[in-house]
Each structure stands twice: as C-alpha cells, then as structure tokens.
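Pull up the model and keep the sequence beside it. We'll take a walk through the chain and stop at a few spots along the way.

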Amino acid sequence: NNNMASHGLTYDGCNFFRQRLVLSTLSGKNVKIKNIRSRDDEPGLRDFEASFIRLLDKVTNGSRIEINQTGTVLFYQPGLLYGGPVEHDCNPQRSVGYYLEALLMLAPFMKTPLKATLKGVTNDPTDPTVDLLKSTALPLMKKFGIDGEAFEIKVVKRGMAPGGGGEVVFTCPVRKTIKPVQLTEPGKIKRIRGVAYSVRVSPQMGNRIVESARSVLNQFLPDIYIYTDHMKGTNSGKSPGFGLTLVAETLNGCFLSAEMSSTPQGQGEPVLPEDLGRNCAKLLLEEVYRGGCVDSSNQSLALLLMTLGQQDVSKVLLGPLSPYTIEFLRHIRDFFQIMFKIEVQMPLDDERKGGDKVLMTCVGVGYSNINKTVK
C-alpha cells in the first residue's frame, strides 16, 4: 500500500473528509487519510462517513477502498465516475444534504446521467437542507451551463431529524464542458421567496413561521412570498418538526439564502415557530449584508466548477470566505495544482457592507484534460 500511497496524497485527521474524497474522485489521484479520531474514546470513522464512502462506491466503477481494523486509516483509489440510477439509505446522523452536496459536485462529470434516490433525514439544523440546495445550488450550476429537463431535486417525502424517513430524488444531465462565468455584479435584491415546512405538527405552525418572518422582511421589500408545505401521512417521515428556508434573488439572477430548522425531538430546548421565523429572516439579512454573487453555503461548489471549466478565465465575486471554503482552496491546489487570483475589494467607508468582498479569478483546467492525463 505504501507504494500506492506514494503516488497520491496523504492527510491527517477527519476534518474536510468529503472534500478530500470528492476531489480525489474528480482528479483521479489516490488519497490516504490517517489518524482519523485516533485519540477519541471511539476512534475511527463514524457511521455517516462510512455511509458516504458506500455512496461514492455506488456512483463510481472500480474504486478501491481499504480501511484498517480500527477505522483510523483510509486508503481510497478512485474509479471512473459512472452514474446511472442509484439508491442509497443515508445514515440519519447527518441529513441528505450532507450527501447531496458531494453529488452536486460529481454529477455533471459522470459517464451516464445520474438519478439518485436518497433516503433519510431531509431537514436538520446542521447540514444544508434539500430545500436550500434546490433553490440556490441548481441555479448556480445553470450559470455554468449545466441544465436540462432532467435537472432537478425533488422532495418526495420529508423526514426531520432524528427519525428521518424522508426521500429525495436528484437527477442531473452529463456535461462534457463547463462554461466559464463572469459573476462580478450581484445587483440589488428584487424579491424574496421561501418555504415554511412542517411535519407531524399542527399545520398552523407554518403560518406562524411565515407571519413572523414577514414582520422582519416587509420593512425592506414588498415582493415576498413564502409558501407553506405541510406533508401528511406516509410522506411526513418519522419525527415531528418544522423549519423555514428563505432565498433572496437579485436583479442579476444571483441567489442568497438562509434557513433554520426546529430542534430535533428529544435534543435541547424546543423552539417557538415565531422565534424561528424572525431569526431566519435576520440570518437572510446577514447573508445579504455579506454580499457577493454566491452565498456562503455554495462558495466551494462555484470554485470547483470554475476549476473544472474550459481553459478560459472565470471570475466570481464572493462575500467573506468561510473557513470551509478556505480549506477547499488549499485542497484544489493539492489535487489540481490550480491557484486562484484573489483580489480583496475594500468597501467605501460610507457603505461598509458586510466586510471585504473577494474577487476570485482562475483559468479552468478542463475536466476532459484531467482524464487524459490520469486515467
């Protein structure tokens, strides 16, 4: 194994686990991750990480995965991205969004169009929910030329944490080339849309959330529409809960989002729907204040598509970079030898909006070129 590991990259610890495996799959480089929680009382991979590895194995052909007995060392030799119809039961420790974020990065580069049916928790407080990815990640990918009739995320059943029981279908066409983009002007906010969802609680919860969110947002904008989504019976999963996803759309077609979910049953303090609605509206205002053409939850997706785009210049204006995105840039340098030109745009003193904006510029490496050199 040491011979094989010498041709790839070696990392320490369990942080940024998905980033490493996704970029390894796209670049065709082997990766070895050691000392995974080696000092914990329960060392090794967690169940949700093992479930993520199984999902990667399903969408690729010929991947080789080796894990030692304690689960503290993982060796991953990526196979070819195959795609096709895939069904996966996601571990309820993390929501479907945790798995879907990685699939969004891999899906356009498959051999056959992907149709993934993911079952598990659709909405929880830690990961991006399915609604958020549907309303922000898909429009962002369309800007890069990834589009088609069969490009959607569909919520068949909604499942709240901790019981889950939700079901999501994600379909994505294959794209040989990714368009370069110039997203440097976000423009002003023109409208806000949202969805207030509730399962296994009174349908009145959704209306209470909408009312409290509007009480904050109506001070800034008249064009607000938040629809309520109350699922019943078998479509409502196994646990009660409610939440809100808000998306602000700009004049130039950029989407900024925020969301909140109720505390999972039996964990922590219960949340009032009024508080949840107000806090989520404030989170959206915070995201608008940070600015940029891509919201903080999709920064790394935009940077990856810029990297794998055609050999042409792409520019994207982002708000302050999140720690996750900063680490993602380091990994892109490791796997693709691509460096971004980063220009910090200092705001004027009289309009100090949300800290410094960052203009990211890079020349794409072209995904088809990677395949020729590696595979």
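What follows is a tour of a predicted model, going from the overall layout to helices, strands and charged pairs.

Let's begin with the big divisions. The domain assignment splits out domain 1, covering 1-81, and domain 2, covering 189-290. Measuring from centre to centre on the C-alpha atoms, the two domains sit 36 Å apart. There is also a UniProt annotation, from an unreviewed entry, that labels residues 184-288 as "domain: RNA 3'-terminal phosphate cyclase insert". In the model, that span of residues 184-288 is 29% helix and 34% strand, and its end C-alpha atoms lie 15 Å from each other.

Now go to the N-terminal part of the chain and find helix 2, residues 17-27. How many of the residues of helix 2 are buried? The count is eleven of eleven, so this helix is mostly covered, with buried meaning under 20% relative accessible area. The buried set includes Phe17, Leu21, Val22, Leu23 and Leu26, but also the charged-type names Arg18 and Arg20. Right after helix 2 comes glycine 28, which takes a positive phi of about 75 degrees.

Helix 3 is the next stop, at residues 47-59. Its 13 residues reach 19 Å from the first C-alpha to the last, close to the 18 Å expected at 1.5 Å a residue. Among the residues of helix 3 that are buried are Phe48, Phe52, Ile53, Leu55, Leu56 and Val59, and Glu49 and Ser51 are on that list too.

A little further on, strand 4 (residues 64-67) and strand 5 (residues 74-77) run antiparallel and are joined by four bridges. One place to check the register is isoleucine 67, whose bridge partner in strand 5 is leucine 74. The two strands make a hairpin with six residues between them, and in the turn glycine 71 has a positive phi of about 80 degrees.

For another set of strands, look at the open sheet of four with the order 11-16-18-17 and mixed pairing. Which strands sit at the edges of this sheet? They are strand 11 (182-183) and strand 17 (341-345), each of which pairs on one side only. Elsewhere in that order, strand 16 (residues 313-318) and strand 18 (residues 357-363) run antiparallel, with six bridges joining them. Valine 313 stands opposite valine 363 of strand 18.

On to the charges. Side chains of opposite charge can pair when their charged atoms come close. A search of the whole structure turns up 17 salt bridges. Take aspartate 12 and lysine 34, whose side chains meet in a salt bridge at 3.6 Å, N to O. This pair links distant parts of the chain, with aspartate 12 in strand 1 (residues 9-12) and lysine 34 in strand 2 (residues 31-34), 22 residues apart. Are the two partners buried or exposed? Aspartate 12 is at 47% relative accessibility and so counts as partly exposed, and lysine 34 is partly exposed as well, at 34%.

Another pair stays within one helix. Aspartate 275 and arginine 278 form a salt bridge at 2.9 Å, N to O. Both lie in helix 7 (residues 273-290), three residues apart, which is about one turn of the helix. Why does that spacing suit a pair? An α-helix has 3.6 residues a turn, so residues three or four places apart point the same way. Aspartate 275 is partly exposed at 31% relative accessibility, and arginine 278 is partly exposed at 30%.Arginine 333 and aspartate 334 form a salt bridge too, with their closest N and O atoms 3.9 Å apart. Arginine 333 has a relative accessible area of 40%, so it counts as partly exposed, and aspartate 334 is partly exposed at 23%. Salt bridges also link Asp131, Arg158 and Asp229 in a network.

That network leads to the last stop, since Asp229 has proline 203 as a spatial reference point: the two are 26 residues apart in sequence and 8.7 Å apart in space, C-alpha to C-alpha. Proline 203 is in the loop between strand 12 (189-199) and helix 6 (204-217). Leaving out residues up to four places away in sequence, proline 203 touches Ser198 and His230. With a relative accessible area of 49%, proline 203 is partly exposed.

Key
Residues are numbered from 1 along each chain as its sequence is written. This is a predicted model: local features need pLDDT of at least 70, side-chain atom pairs count only at pLDDT 80 or more; totals for chains, interfaces and linings use all residues. Side-chain values use heavy atoms; hydrogens and water are left out. Two strands pair if DSSP finds at least two bridges between them. A salt bridge is a side-chain nitrogen of Lys or Arg within 4 Å of a carboxyl oxygen of Asp or Glu. Buried means under 20% relative accessible area, exposed over 50%, partly exposed in between (1.4 Å probe, protein chains only). Domain bounds come from an automatic or database domain assignment. Contact means heavy atoms within 4.5 Å. The expected span of a helix is 1.5 Å times one less than its number of residues. UniProt positions are given in the numbering used here, feature names are shortened, and annotations may be inferred rather than shown by experiment.
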